Amino acid sequence: MNYALRARGHHTLYLGQNLPIADLETVCETYQPDAVVTVLTSQPERGRVADFARDVAAYCPGKLVVLYGPLARQEGLVLPENCVSPELMTDFLALAA
């Protein structure tokens, strides 16, 4: 996703695979991103994805939060208003246009 965004001329800040969620607040305050994007493949645990999404939305108020990957596409998952979960990479790329 980082490469796809950069290749399309977007400035990105790659935060790595293990940024503690509490550090995200400082990043959002300092960097002021337009959006926060993460891929959920093995973390958080399946039953904690909604809580994770609420935490990210709270730490980055007013920002678009994009959750991608198999954990973000669970049936019945309710996400905060500013969160989206594109089904396909082409859907994600359409958001980044």
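**Exercise 1. The cores**

The largest nonpolar core has 15 residues. Find the residues with the most contacts inside it, then trace which elements supply it.

*Solution.* Start with the criterion. A nonpolar core is a set of buried Ala, Val, Leu, Ile, Met, Phe, Trp, Tyr and Cys residues joined through side-chain atoms within 4.5 Å. Buried means under 20% relative accessible area, exposed over 50%, and partly exposed in between, with a 1.4 Å probe and protein chains only.

Step 1. Leu40, Val56 and Leu67 have the most contacts inside the largest core.

Step 2. Helix 2 (23-31), helix 3 and strand 2 each supply at least two residues of this core. Helices (H or I, at least four residues) and strands (E, at least two) are DSSP runs, numbered from the N terminus.

Step 3. Helix 3 gives the largest share, five residues.

Step 4. Take valine 56. Not counting residues up to four places away in sequence, valine 56 touches Ile21, Leu24, Val36 and Val65. Contact means heavy atoms within 4.5 Å.

Step 5. A second, separate core has six residues, including Ala4, Leu5, Val66 and Phe92. In soluble globular proteins, nonpolar side chains tend to be buried together.

A note on the source: this is a predicted model, where local features need pLDDT of at least 70 and side-chain atom pairs count only at pLDDT 80 or more, while totals for chains, interfaces and linings use all residues. Residues are numbered from 1 along each chain as its sequence is written, and side-chain values use heavy atoms, with hydrogens and water left out.

**Exercise 2. The sheet**

Give the strand order of the open sheet, and explain why one side of strand 1 and of strand 3 lacks a neighbour.

*Solution.* Step 1. Three strands form the open sheet in the order 1-2-3, with parallel pairing. Two strands pair if DSSP finds at least two bridges between them.

Step 2. Strand 1 (35-39) and strand 3 (83-84) stand at the edges with a single partner strand each, so one side of each has no neighbour in the sheet.

Step 3. Strand 1 pairs with strand 2 (residues 64-68) in the parallel sense over five bridges. One bridge joins alanine 35 to leucine 64 in strand 2.

Step 4. Helix 3 (residues 49-59) packs on the sheet and touches strand 1, strand 2 and strand 3. The direction of helix 3 makes about 150° with that of strand 2. Axes are lines fitted to C-alpha atoms, for helices over the stretch in contact, and angles run from 0 to 180 degrees between N-to-C directions.

**Exercise 3. The salt bridges**

Which residues are linked in a network of salt bridges?

*Solution.* Step 1. Set the criterion: a side-chain nitrogen of Lys or Arg within 4 Å of a carboxyl oxygen of Asp or Glu. A search of the whole structure finds two salt bridges.

Step 2. Aspartate 51 bridges to arginine 48, with the closest N and O atoms 3.0 Å apart. Aspartate 51 also meets arginine 54 in a salt bridge, at 2.2 Å, N to O.

Step 3. Arginine 54 and aspartate 51 are three residues apart in helix 3, so about one helical turn separates them.

Step 4. Arg48, Asp51 and Arg54 therefore form a linked network. Check exposure: aspartate 51 is partly exposed at 27% relative accessible area, arginine 48 at 41% and arginine 54 at 43%.
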